[in-house]
Number of protein chains: 2
Amino acid sequence: MVNETQHACSASSSSRSDGGSSSGSESSKDNSRCSTPVLDSDRHERLREKMRRRQDAGDRWFSLEFFPPRTANAAVNLISRFDRMGAGGPLFIDVTWHPAGDPGSDKETSSMIIANTAVNYCGLETILHMTCCNQTKDDITGHLQKAKRLGLKNIMALRGDPSGEEWEEEVDGFNYAVDLVKHIRNEFDDYFDICVAGYPKGHPEAESYETDLRHLKEKVFAGADFIITQLFFRPETFLKFMKDCQAIGITCPIIPGIFPIQGYHSLRQLVKLSKLEVPQEIKDVIEPIKDNDAAIRSYGVELAVSMCRELLDSGMVHGLHFYTLNREVATTEVLKRLGLWREDPRRPLPWAVSAHPKRRVEDVRPIFWASRPKSYIYRTQEWDDFPNGRWGNSSSPAFGELKDYYLFYLKSKSPREELLKMWGEELTSEESVFEVFTCYITGEPNRNGYKVTCMPWNDDPLATETNLLKDELERVNRRGILTINSQPNINGKPSTDPIVGWGPSGGYVFQKAYLEFFTSSEIVTALLKVLRKYELRVNYHIVNVKGQNITNAPDLQPNAVTWGIFPGREIIQPTVVDPVSFLSWKDEAFALWIEQWAKLYEEESPSRMIIQYIHDNYYLVNLVDNDFPLENCLWQVVEDTFELLN
Amino acid sequence: MVNETQHACSASSSSRSDGGSSSGSESSKDNSRCSTPVLDSDRHERLREKMRRRQDAGDRWFSLEFFPPRTANAAVNLISRFDRMGAGGPLFIDVTWHPAGDPGSDKETSSMIIANTAVNYCGLETILHMTCCNQTKDDITGHLQKAKRLGLKNIMALRGDPSGEEWEEEVDGFNYAVDLVKHIRNEFDDYFDICVAGYPKGHPEAESYETDLRHLKEKVFAGADFIITQLFFRPETFLKFMKDCQAIGITCPIIPGIFPIQGYHSLRQLVKLSKLEVPQEIKDVIEPIKDNDAAIRSYGVELAVSMCRELLDSGMVHGLHFYTLNREVATTEVLKRLGLWREDPRRPLPWAVSAHPKRRVEDVRPIFWASRPKSYIYRTQEWDDFPNGRWGNSSSPAFGELKDYYLFYLKSKSPREELLKMWGEELTSEESVFEVFTCYITGEPNRNGYKVTCMPWNDDPLATETNLLKDELERVNRRGILTINSQPNINGKPSTDPIVGWGPSGGYVFQKAYLEFFTSSEIVTALLKVLRKYELRVNYHIVNVKGQNITNAPDLQPNAVTWGIFPGREIIQPTVVDPVSFLSWKDEAFALWIEQWAKLYEEESPSRMIIQYIHDNYYLVNLVDNDFPLENCLWQVVEDTFELLN
């Protein structure tokens, strides 16, 4: 009998046998216990472990390669692309290293900073490429230290293209990728996951295919964790290469590099750089349609899909690496047709998590930055600890100042002219500001026929969830309750709910109704009278730009406004309304009036003065209805306030 | 307008103004923030603060005085009395110091250990008396250090009765209580709250009433925080004393000591010791009825109630201190008639909290010790930190071994003979054990006509909450599912619910259904087959005495099974099912079969061998139904198991 149950035990992957231990003392010291409930085991694994786990589970996955942009504007666009393509669920992205582009610098277009943004601000597992030839050991160590400091955990170790025609090996220098691999392992032990390049046709400069395979084996044995290959045009090229690798004892994962042909010129350029030859059967198709971009792209997608299918069907391939050329359409289409694009992105938490290793336990944030998550990450980047389980229990230090409102990853995607069309070339009164807010909520064009698709506090159109409150929001904005954040109450919806769900399946999610807005002191006076009637049912914080602060929060405690109950887990409460951090948020919220809106207009202009007046005199208010199982009373609070004013 | 809202601000005691601070940085470092949501502000205050807060709020309160017992059995009874009288809501209790009884020792009857038990195991704010005459400075410091180590925070500093007829002041010795007060403040700074004695009629050895008042003032000015008075017989005695104290500048709280007359002899003895004179009008009533205990007690209650009413009505008295003489009836009746006995004890958490200062943040415990909270406190007494917010986040070390099952505060209240009557003089089969469990559940007498009011795992009759599950529990116990712990699922009942409510009002409490039982390996085999069908809906842990362990807990994470959502607070999840601590609990749970039950019988006797067989061969099982909003499926799981077996 005991054997029978023991069998049942070993059959379950999550079970554990402690046979023979007569005391539980050992077990309670168990280090295998995570300090935070594992909502997304990805957050606690390094890339090579994720890869291994996905492979063991028979999951198929993809990854995406990008190169650094040339201009700051292109960087803003690339970051939006990270967000959009990140939604499809890549296992990782990688950012190439352009020695000519000052890749390790702090420039917003450098490889280092783009990779930093992907990890920290877009929450993407990221590999930073790094080349070593023509560089000193100190330079390289400096780059690696900086990468580590920024939270990067994965390096693609490459030789790079030697500069100058006549390249000679340097004694004690970095002549080959293997030297970089060794250096990383020497200086950083096992901190980084290391990826190296494989050449299914052999490196163009290698003596022979066999010599090149031996070099690859050296790189792996020096400490590389996995291999991504150069692009190729026929599946059999990769499959032969993979078998040859295995035959000489390379056992780490080998990920095929997929290049969906997207245009005639980009193909020619890539071929030239990579010194590959395009097979005749492809040339035969492409040459006749070389001026028809759409036809070529369509053929490229077709070709990539069929090659990928063949690779996956071989059973030897679990993941596919895409050379995107920083474009979305072709790769996304290939992925969708392969069924690899995650159609139903399950959110591990209601907000996008950062991929910095320091933040892996983070699971509570104040609600205020809900529409400005990148700003929140920026302003808390100096924190050593992140709140986990409870906000109030965190010893988090002060929020960083937001001095530069034009940090490129916080920059509005819209240029000044467009903002003026949306928010008004000329404002004539506070009411014309109310109108802008109302148009943003309704999605209707403003009086000049332009849709208001963003606001200083919200860079994107209204969230689906907020849409549930649209009618009420429209009504109150028209009357000067200028809403910038809200959520409906939720009393136990399944965690798989397409709109409000998050976390693992089988759970239930909850919310308290929340409303945050700017409004005049006249309305605040009436509101405070009304709030007395609601006593502890409604918690409020009311603050103006000078920091005058009115709240009924008991003992300045945070109020959990979003939480989830899941099978076999502790309770997760990812969002709180916190009276203390609200004072940091109000600095940002008030400053956005000036920095993003008032400054669109000439100094001393009436438009600018109207915004300045609002900035100086309005209050920022947040309200929480604690009675989540009942009907949201916050609209009634606002109605009562208007009534009192009449 | 700003002034108007500012006014609203200062009118609310929990609001706060930050006027002028342009940055929130300072605020986020705010130290006034509690690290745990304040459910019960009592836990975070010292006694003198509680007293002050209650007085400011216009609350009236009471406290209770006990003396240490003479025998270990009397100690067990006294501890039960602490639990019962603690339910009435005393602000504190105090334990007298008997120099003759080795009061600072580790004996289970010592003043020190009784006070320790009251604080740590009964969760009562406690004052330990301490006398100083005829003791060395080192002795006294040693006692104080020990008291501090045990978590005691309050000392009643007394001179004590000098031994020997001829008492002379010692130079540099402790001659008066004031010396002890000074010593405590010198050696322990502000750690202890210090109480001193006041004599409404003057100390019997004092030169005069006025001299005695001056001595009292000295004690207060040396650092005492409040005064408890000697008993007195007329309210005007106390009120005059209080006015006289105030007149000479004593401003600290002065608490009248109330002595409900409970019998002729105890009154005479007390009068002799305290050298007080009983007023003629009382003697006149008592003498004629001196042999009628009931009549005297009834008169004593009457007298105490009327005196207390007069004191409270004077407006000068906020708290009353009762000399209980270790008896319950009279004091409880006085308190009930005064309306001071807490009729609806609101629980700050579902389990009784300990009053040790180290444990003031503790707000999560494993469910396993629900019926053995004193054992849990004992086994975790060496912990330096207590889990707060999340169980999984705690770095709590191993559970202490439970070597001595007869630790007096864990001792069964029933003697061996009574246990044999309840659990069977002679067991004939496993089924006769099933019967004992079943009788405990139903409350029906066993075949010999005795009610089973306790079990080795439950020292008290079934909890009200468990009664909700009575029918189901009876059915499964009859068939060999021997339940020792359970709770129903609760989907958002008000926190004020009389049966399952806890925490501040205005909240909602939740539970996942839980069932814990011993059962045979045959049933476990069938159960495991059934559980497959329920997948992640039901989490299980199944373990035998050897530690063979079967579980489907994801990543060995704890599962929150009781939680509450409150206005303006983070979420509290006071109870978890934790796969790691379950292994410590199973040692205790299995050992109780032997230590409490098997050992009632002769070695080698059939009864003992039956219990030993169960101990060696049964499994301890716990089940959690994660789908708390649906009907509890655990009974279905058990039914399915029985069905499979048939």
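**Close-up views of a predicted model**

**View 1. Parallel strands β3(A) and β4(A) in the barrel of chain A.** In this predicted model, strand β3 (residues 126-131) and strand β4 (residues 154-158) of chain A run parallel and are joined by five bridges. Within this pairing, A:Ile127 stands opposite A:Asn154 of β4(A). The two strands belong to a barrel that eight strands of chain A close, in the order β1-β2-β3-β4-β5-β6-β7-β8 and with parallel pairing. From one strand to the next, the twist averages 30°.

**View 2. Helix α13 of chain A against the barrel strands.** Helix α13 (residues 329-338) lies across two strands of chain A, β1 (61-66) and β8 (319-323). The helix runs at about 160° to β8(A). Both β1 and β8 appear in the strand order of the chain A barrel.

**View 3. The open sheet of chain B.** Five strands of chain B form an open sheet with antiparallel pairing, in the order β10-β13-β18-β14-β15. Its edge strands, β10 (482-487) and β15 (549-551), each pair on one side only. The twist averages 10° from one strand to the next. Between β10(B) and strand β13 (residues 513-519) of chain B, the antiparallel pairing extends over five bridges. Here B:Thr483 stands opposite B:Phe517, a residue of β13(B).

**View 4. Helix α22 of chain B and the surroundings of B:Thr641.** Helix α22 (residues 634-645) of chain B lies across β13, β14 (538-544) and β18 (619-625) of the same chain, at about 30° to β13(B). B:Thr641 is found in this helix. Because its relative accessible area is 1%, under the 20% limit, B:Thr641 counts as buried. Not counting residues up to four places away in sequence, B:Thr641 touches B:Ile523, B:Ala526, B:Leu527 and B:Val530. Of these contacts, B:Ala526 is 115 residues from B:Thr641 in sequence, yet the two are 5.5 Å apart in space, C-alpha to C-alpha. The side chain of B:Thr641 also reaches the backbone oxygen of B:Val637, at 2.7 Å.

**View 5. The buried helix α5 of chain B.** Helix α5 (residues 111-120) of chain B is mostly covered, with ten of its ten residues buried. Among them are B:Ser111, B:Asn116, B:Thr117 and B:Asn120, together with B:Met112, B:Ile113, B:Ile114 and B:Val119. The buried residues of α5(B) pack against three helices of chain B, namely α4 (72-86), α6 (137-149) and α14 (373-379). They also pack against the strands β2 (92-95) and β3 (126-131) of chain B.

**View 6. Loop residues of chain B with positive phi.** B:Lys275 is found in the loop between α10 (264-274) and α11 (280-286) of chain B. Although not a glycine, B:Lys275 has a positive phi of about 55°. Its relative accessibility is 56%, over the 50% limit, and B:Lys275 therefore counts as exposed. B:Glu604 lies in another loop of chain B, between α20 (581-597) and α21 (606-617). B:Glu604 is not a glycine either, and its phi is positive at about 70°. With a relative accessible area of 66%, B:Glu604 is exposed.

Note on methods. Residues are numbered from 1 along each chain as its sequence is written. Chains are lettered from A and ligands numbered from 1 in the order in which they are written. This is a predicted model: local features need pLDDT of at least 70, side-chain atom pairs count only at pLDDT 80 or more; totals for chains, interfaces and linings use all residues. Side-chain values use heavy atoms; hydrogens and water are left out. Two strands pair if DSSP finds at least two bridges between them. Helices (H or I, at least four residues) and strands (E, at least two) are DSSP runs, numbered from the N terminus. Axes are lines fitted to C-alpha atoms, for helices over the stretch in contact, and angles run from 0 to 180 degrees between N-to-C directions. Contact means heavy atoms within 4.5 Å. Buried means under 20% relative accessible area, exposed over 50%, partly exposed in between (1.4 Å probe, protein chains only). A polar contact is a pair of N or O atoms within 3.5 Å; within protein, one must be able to donate a hydrogen and the other to accept it, and residues adjacent in sequence count only if both atoms are side-chain atoms.
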